[in-house]
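Trainee: Could you take me slowly through one part of this model and then show me how the surroundings fit in? I'm new to this, so please keep it plain.

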Amino acid sequence: MDLRVPRIRPRALKVWRRNVLVWRKLITPSLLINFGEPLLYLLGLGFGLGMFIGDMAGLPYLTFLASGIVASSAMNTASFEGMYSVYTRMVPQRTYGSMLATPLDVDDIIAGEMLWCATKSTISATAILLVASLLGAVLSLAAVLVVPIAFTIGLCFAGPAIVMSAFSKSYDFFNYYFTLVVTPMFILCGVFYPIESLPATLQSFVQVLPLTHAIALVRPLVADQPLTNIGLHLAVLLFYAAISYYLAVILVRRRLIV
Amino acid sequence: MIHTEAATAIIEAIGVTKRFGAQEVVRRISFTVPRGQCFGLLGPNGAGKTTTIKMILGQSPLTAGVLTVFGKPLPDHASVVRARTGVVPQEDDLDPDFTIAENLRVYASYFGLEGRGLDTRIKELLEFVSLTDRAEARVDQLSGGMKRRLTIARALINDPDLVVLDEPTTGLDPQVRHMIWARLRDLKHSGKTLLLTTHYMEEAERLCDDLLIIDHGAIIAQGSPKALIREHVEPEVVELRGADGRIESLLGERADCRIESVGDTVYCYTHDSTPVTQRLQGTPELSFLHRPANLEDVFLNITGRDLRD
């Protein structure tokens, strides 16, 4: 197995750019999904559920929920792109095979894909932020800082998703990851309620999950609260991104460079 | 003495070996491809052709041996080697999300090629493969032959010194095949080095200056098509159909030919076909074909007629 530490080079942007060009062709349906889904969540859950809940942890429920959905949607977008789309390009479509006949390497391909997944996360998080601010859920201008944070969240979840693609023999395999990893984080990491309301043991477990840290960064910015432990939260996200990038490169090398 | 790259080999393989676990798929093969040559890599399915090509492109590490392209050892210099190489893979891997022109443009970007010069290059390449009027078509609207032609154009986008073609004409109609042959000859005349694998012996005979026949991962013959025919098979062949076990009585003692039977066909390999054909003239109910030996006879003679997977 080729365990060499991957090199991140500017040419990775060529892979990113290819995906941007494809995305531009499908811009209308993609943006509809980006805006439509959060609108549904915020209107349905935020207003519907918010009516009964009122405030949550000292915040209007719509604000609480919107900040959680921004982070979890960055997670979902990167996970989907890193699995279904990356797998499509790697296996049935042979896009990586064609790239490996050019000066591009697996290192460049995975770096470019992670940047692209993070870009899509940023697009979807920004769309939700816009919808939330139209509904009056965004309480601070500092919320614009959520945009670069969404990119970091995207990087953090893109890597593990690509690792899954590298292992996968078919699309069905991704159900495990969604059921065992993405959905539990969505439920447990503080999207819908503060993690402090969980039992103590579960709370410490939830602390190692990246979505918890993603929400810890996004919520204060949206809700006009003081940001604490920024270094720690960013470090956790970047740690997951770096480790999973390395793993993804090794595993995709093993799959394609045989 | 002046050392230029022109004097050195484009590809040099010394004792190249590839193992997958216990299975040895390429066994200590050594060969040299000089600049400007069309070099053929022939062999039955599973002989190790595609694995050899993957090693040449740095897409597969060597288990043992030394392999250099443009004097650069692989797989360590894969990026540098691939920057100067064009690849036509065995299976189409065109980008279905793009039009024909976009396929070329995006692929060019992987080589760092952009700007005004690229537009001209794309126009020239589309002309070269007669796809100019389809530039805006989507890939899934193309026939198999058009896809192959586009793949060839794509392989030339970086003006490569070496073009590697893995079964470029498999599954194509004769019109496209002849067109591709003509283009490959053009490329050779323009000084490019070609490495070609094919299952069509006629193709190898027409295009290749030198070729290698490999089987079970090892080289079993090497030389120009003419030299291989001279060395490995009798110069003339008479093919007979419908002889039904009467072959000995028909040809008699004096025929002096080597006989192989496949189904209802009998092949007589001989140095002098006159006695055989004279006898056959007397049996009008038998259809026979008298022809010079070709590369396919060589191939079947040295790799055998057993089916491969």
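Mentor: Sure, let's start at P75(B), which you'll find in the loop between β5 and α2 of chain B. Keep in mind that this is a predicted model. The peptide bond joining L74(B) to P75(B) is cis, with an omega of about 5°.

Now step back along the chain to F70(B), in the loop between β4 (64-69) and β5 of chain B. F70(B) isn't a glycine, yet its phi is positive, about 55°. F70(B) has 20 other C-beta atoms within 10 Å, so it counts as buried. The cut-off for that label is 20 or more.

For a contrast, look at S130(B), in the loop between α4 (116-128) and α5 (144-155) of chain B. S130(B) is another non-glycine with a positive phi of about 55°. Here, though, there are 14 C-beta neighbours inside 10 Å, so S130(B) is classed as partly exposed.

Back to the strands on either side of F70(B). β4 and β5 of chain B belong to an open sheet of four strands, in the order β2-β1-β4-β5, with antiparallel pairing. At the edges sit β2 and β5 (72-73) of chain B, each of which pairs on one side only.

Move along that sheet to β1 and β2. Strand β1 (residues 9-20) and strand β2 (residues 23-34) of chain B run antiparallel and are joined by eight bridges. You can trace the pairing from both directions: F20(B) has Q23(B) as its bridge partner in β2(B), while I11(B) is partnered by V33(B). Together, β1(B) and β2(B) make a hairpin with two residues between them, and G21(B) in that turn has a positive phi of about 65°.

Chain B has a parallel arrangement for you to look at too. Find strand β8 (residues 193-197) of chain B: five of its five residues are buried, so the strand is largely enclosed by the rest of the structure. A bit of background helps here. In a regular strand, side chains alternate between the two faces of the sheet. In β8(B), T193(B), L195(B) and T197(B) are on one side and L194(B) and L196(B) on the other, and all of them are buried, so both faces are covered.

Who are the partners of β8(B)? One is strand β3 (residues 38-42) of chain B, which pairs with β8(B) in the parallel sense over four bridges. In that pairing, F39(B) stands opposite L195(B). Strand β7 (residues 162-166) of chain B also runs parallel to β8(B), and five bridges join the two. There you'll see D166(B) standing opposite T197(B). To get from β7(B) to β8(B), follow helix α6 (residues 174-189) of chain B: the three elements make a right-handed β-α-β unit.

Let's zoom out to the whole of chain B. The chain is divided into domain 1 (5-229) and domain 2 (234-292). The C-alpha centres of those two domains lie 40 Å apart.

Chain B also touches chain A, and the contact takes 18 residues from chain B and 21 residues from chain A. On the chain B side, α2 (78-83) and α3 (100-110) each supply at least two residues. By class, that side has eight nonpolar, five polar and five charged residues.

To finish, have a look inside chain A. Helix α10 (residues 230-256) has 27 residues and reaches 38 Å from its first C-alpha to its last, close to the 39 Å expected at 1.5 Å a residue. Its buried residues include H233(A), Y240(A), Y245(A) and R253(A). Among the elements covering the buried residues of α10(A) are α5 (106-134), α6 (146-167) and α9 (210-223) of chain A. As for α9(A) itself, this helix has 14 residues and reaches 20 Å between its first and last C-alpha, close to the 20 Å expected. Of those 14 residues, 13 are buried, so α9(A) is largely enclosed by the rest of the structure. After α9(A) comes D224(A), with a positive phi near 60°.

Notes
Residues are numbered from 1 along each chain as its sequence is written. Chains are lettered from A and ligands numbered from 1 in the order in which they are written. This is a predicted model: local features need pLDDT of at least 70, side-chain atom pairs count only at pLDDT 80 or more; totals for chains, interfaces and linings use all residues. Domain bounds come from an automatic or database domain assignment. The expected span of a helix is 1.5 Å times one less than its number of residues. A residue is buried if 20 or more other C-beta atoms lie within 10 Å of its own, exposed if 12 or fewer, and partly exposed in between; C-beta atoms are placed from the backbone. Two residues are in contact if their C-beta atoms, placed from the backbone, lie within 7 Å. Two strands pair if DSSP finds at least two bridges between them. A crossover is right-handed if, with the strands pointing away from the viewer, the path from the first strand over the helix to the second runs clockwise. Ala, Val, Leu, Ile, Met, Phe, Trp, Tyr, Cys and Pro count as nonpolar, Asp, Glu, Lys and Arg as charged, and the others, Gly among them, as polar.
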